[in-house]
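User: I am new to reading structures. Please take me through this one and tell me what the terms mean.

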Amino acid sequence: MSKIRSFVNYHIILALSSCFICGCSVSDSVDSDYSKWSFSGSVVDANDNQSLSGAVITYQDASGKKAEATTDQNGYFYIEALPYGTRSFTFNYKKISKKDTLYYSPKTISITSTSESSHMEGVVANNSSIIRLSPINASLTGEFYIHDENSEKNVPASDVKLSIVKQSEDFINIFPKNFSVKTDSDGKFTFNGLPADTGFILQAESYSYSGLRYTSNNITLPKLKSDVKTDLGRIYLVRDTTIEKKQIIKSSNVMDGNFNGFSNVSTLATPYYVFSEKISDKNLSVTIKADTSVFYVTPTLSKDTLYLNHDLAFPAETKITVSINAYKKSNGDRIALTLSGDSAFTTDRGLYAVTSNAWPSNKQFRATFGIKDTIWVKFSEQLDTNTDRIQWSYANGMARTIYANGYYANAKSWIKKDTLFVKMQEKILDSRVQGDSVGMNITVYAKNEMYLKGFTLRTELEVPPQSSSSAVSSSSAATSSKASSSSSITSSSSSSAAQSSSSSSK
């Protein structure tokens, strides 16, 4: 008996101890059908671990509205009554001293409450409750050179485009202009206003000198220090020997004289290549690959220039490889060119979504949508008003996918100029609960034939306490119950009357 009692007490202690895990916790809510949880922690300076008082935390509350919290004098914060599921929190801080303002690099993190059936409900993994923000006051300097093999001299590489990137999803760049510079005539460069942080990579575009190309691998930067200029010293670009000059082509609108493919080429651009000698249109063939997919074009010759005409827009933000097979008009010699690697050109953003009322960056942001609300997405170009051209596909990872046409249609859509509007129908609420994820995955076309493939938008369902179909069902049930009750009363009254009449007659 004592062994059983000890076993029970041990498990009670384990259950109670799980309630004291810091970070976030889940508790039953009296006025809600789902659990509520809280998120707490502290915000500190990433360089000296000093607490940051007055840091602002923004997030969406249970009603889907933008909410804010601030850290106290010790840098602590506590946010409660969060609905069950995942929430994103953005941390901002700036230090004002007289006329000077020191900004800190913001961070966005997502915290998820765990399954309600778990003893460890709502526990935050790792150290996510300690948020480290970095002051934006670090600097980086250095210089780029090449070694000229002909003169055996070291030559400064001028006008080289440099950029700094950070491979982190929680990083928010509030000063993007500070992350790109060019080397001066002495090959020197300086970045100012960088976060005193780690995880940065320095990238350099290719550099041309005396008809040769020089490149650099990505450079992983050391930890940048607060209010300190980090000097990388002299960096040498390496001559690229993998791509030879193809003198058969004199010029092009999609690559420079050194056969470096251009970036940000319009998806509607018609590529052309000017040949140094005339080619024949007989047996002329061109193959274009957008990444790994073949893209069809119509090659057209005009004197010494080959144009690659296409009806559909090129895919956006895609590297385009061109292979040309032709024959010289003078002697019939075959020309085989493959403009790949650095000679391939890259398209620009093309058609893209500018803003939406389902995005936190919009002033009209909504975290949840119901059947009485309209989701809208504004695009960069005027759209084709024929909504039948929009392709609605399955939205992976979401509880319910929005379709506005076809067999699975559960919404209706319309277009006005550059904006797509979507309104969900009531049947999308079938077997859904408040906060379920819902979204759409579409391919949409612009009037100028640009298109955006696989655009995904995600939000959460706002489920009314009782849908209209349930209301009708409940109303019918209530009417039936009332009729049954009335019938029962009438029957009972009739029975009593009959008994009274029988007693009187006796």
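**Pockets, a residue and a sheet**

Analyst: Strands E3 (56-60), E6 (86-92) and E38 (451-461) each supply at least two residues of the lining of the largest pocket. Strands (E, at least two residues) and helices (H or I, at least four) are DSSP runs, numbered from the N terminus. This is a predicted model, where local features need pLDDT of at least 70, side-chain atom pairs count only at pLDDT 80 or more, and totals for chains, interfaces and linings use all residues. Residues are numbered from 1 along each chain as its sequence is written, and side-chain values use heavy atoms, with hydrogens and water left out.

User: What makes a residue part of the lining of the largest pocket?

Analyst: A pocket is an open set of points on a 1 Å grid over the protein atoms alone, where a 1.4 Å probe fits, with protein on both sides within 12 Å along at least five of seven lines; lining residues have an atom within 4 Å of a point. For the largest pocket, 40 residues line it. Gln60, Thr86, Arg87, Ala367 and Glu460 lie nearest its centre. E6 gives the most, with six residues.

User: How many residues of this lining are nonpolar, polar and charged?

Analyst: The lining of the largest pocket has 15 nonpolar, 16 polar and nine charged residues. Ala, Val, Leu, Ile, Met, Phe, Trp, Tyr, Cys and Pro count as nonpolar; Asp, Glu, Lys and Arg as charged; the others, Gly among them, as polar.

User: Which residues lie nearest the centre of the second largest pocket?

Analyst: They are Glu205, Ser206, Asn260, Gly261 and Ser263, from a lining of 18 residues. That lining divides into four nonpolar, eight polar and six charged.

User: Why is Leu212 called partly exposed?

Analyst: Buried means under 20% relative accessible area, exposed over 50%, and partly exposed in between (1.4 Å probe, protein chains only). Leu212 has 31%, so Leu212 is partly exposed. Leu212 sits in strand E17 (residues 212-215). Leu212 touches Tyr207 and Arg239, not counting residues up to four places away in sequence. Contact means heavy atoms within 4.5 Å.

User: Why do E32 and E36 count as paired?

Analyst: Two strands pair if DSSP finds at least two bridges between them. Four bridges join E32 (residues 375-379) to E36 (residues 419-424), so the two strands pair. They run antiparallel. One bridge links Ile375 to Val422 in E36.

User: Which strands are at the edges of their sheet?

Analyst: The open sheet has four strands in the order E30-E32-E36-E35, with antiparallel pairing. E30 (353-356) and E35 (411-416) are the edge strands, as each pairs on one side only.
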